[in-house]
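This report describes how helices pack in one protein model and what surrounds its main internal cavity. Please read it alongside the sequence and the coordinates.

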Amino acid sequence: MSREITRGAILIALSCALQFSLRQVALPGMTVLVGIIMNAVLILTVLYSNRIAVFLNALAAPIIAVALNAVPSPLFILPVLAANLAYVYTFQEWTRKYRTGDVKGLFFAYGVPTFARVFIFLGAGVALFHLFGILKGPALPALYAKAGIQIITGLVGGLVADVIHQKLSK
């Protein structure tokens, strides 16, 4: 149990440190790179730690993004948290049924969670923005743009986590 807590704390710290440091670099495509790394760390947290660490890591990512002005509104915390949780818990469920050793397993282990993430992100975002009456203006296009990025970062981040996990398992 203490090993899981230690690993979880290290992965949360790694997640925070990487997001803070990478968001300081103003290069094209950094949002995608940060998303890939954050998703990889989320999956690694599932593989090497416990549910509490997974939840805390899923929560830390959008809070740091808001603190660094990486998202247009603090209202993005809830949709991103919901999307992160959908991603990691769907990953956890699907990897019980499918192993990532073949293409079918990779699709189900990372594709299904990625699309669950996008649907939850859009659903929670639209519901929250509708609740606050800000579905007009730049909020909705920003939501759709973030959803598109979530597809890329979810799939590639999952594959990066899989490669790291395979290397660490040897």
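Axes are lines fitted to C-alpha atoms, for helices over the stretch in contact, and angles run from 0 to 180 degrees between N-to-C directions. Helices are DSSP runs (H or I, at least four residues), numbered from the N terminus. The model is predicted, with local features needing pLDDT of at least 70 and side-chain atom pairs counting only at pLDDT 80 or more, while totals for chains, interfaces and linings use all residues. Residues are numbered from 1 along each chain as its sequence is written, and side-chain values use heavy atoms, with hydrogens and water left out.

**Helix packing**

Helix H1 (residues 2-22) packs against H3 at an angle of about 15°, with the two axes 10 Å apart. H1 is therefore roughly parallel to H3, a term for angles under 35 degrees, whereas angles over 145 count as roughly antiparallel. In this contact (heavy atoms within 4.5 Å), H1 residues including Gly8, Leu11 and Phe20 meet H3 residues including Ala53, Asn57 and Ala61.

Helix H2 (residues 30-48) and helix H3 (residues 51-67) have axes that come within 9 Å and cross at roughly 165°, and H2 and H3 are therefore roughly antiparallel to each other. Their contact is made by Met38, Val41, Leu42, Thr45 and Val46 of H2 together with Ala53, Val54, Asn57, Ala58 and Ala61 of H3.

The axes of H3 and H4 also come within 9 Å, and cross at roughly 145°.

The contact residues are classed as nonpolar (Ala, Val, Leu, Ile, Met, Phe, Trp, Tyr, Cys and Pro), charged (Asp, Glu, Lys and Arg) or polar (the others, Gly among them).

| Contact | Nonpolar | Polar | Charged |
|---|---|---|---|
| H1 with H3 | 10 residues | 4 residues | no residues |
| H2 with H3 | 8 residues | 2 residues | no residues |
| H3 with H4 | 14 residues | 2 residues | 2 residues |

**The cavity**

On a 1 Å grid over the protein atoms alone, a cavity is a set of points where a 1.4 Å probe fits but cannot get out, and lining residues have an atom within 4 Å of a point. A search of the whole structure finds 1 cavity of 30 Å³ or more, and the largest cavity has a volume of about 320 Å³, meaning the space filled by probe spheres set on the points. Of the 22 residues that line the largest cavity, Arg23, Gly35, Val80, Arg117 and Gln150 are the closest to its centre. H2 gives the most to this lining, with 6 residues, and the lining comprises 12 nonpolar, 7 polar and 3 charged residues.

Notes:
Helices (H or I, at least four residues) and strands (E, at least two) are DSSP runs, numbered from the N terminus. Angles under 35 degrees count as roughly parallel, over 145 as roughly antiparallel, 65 to 115 as roughly perpendicular and the rest as oblique. On a 1 Å grid over the protein atoms alone, a cavity is a set of points where a 1.4 Å probe fits but cannot get out, and a pocket is an open set with protein on both sides within 12 Å along at least five of seven lines; lining residues have an atom within 4 Å of a point.
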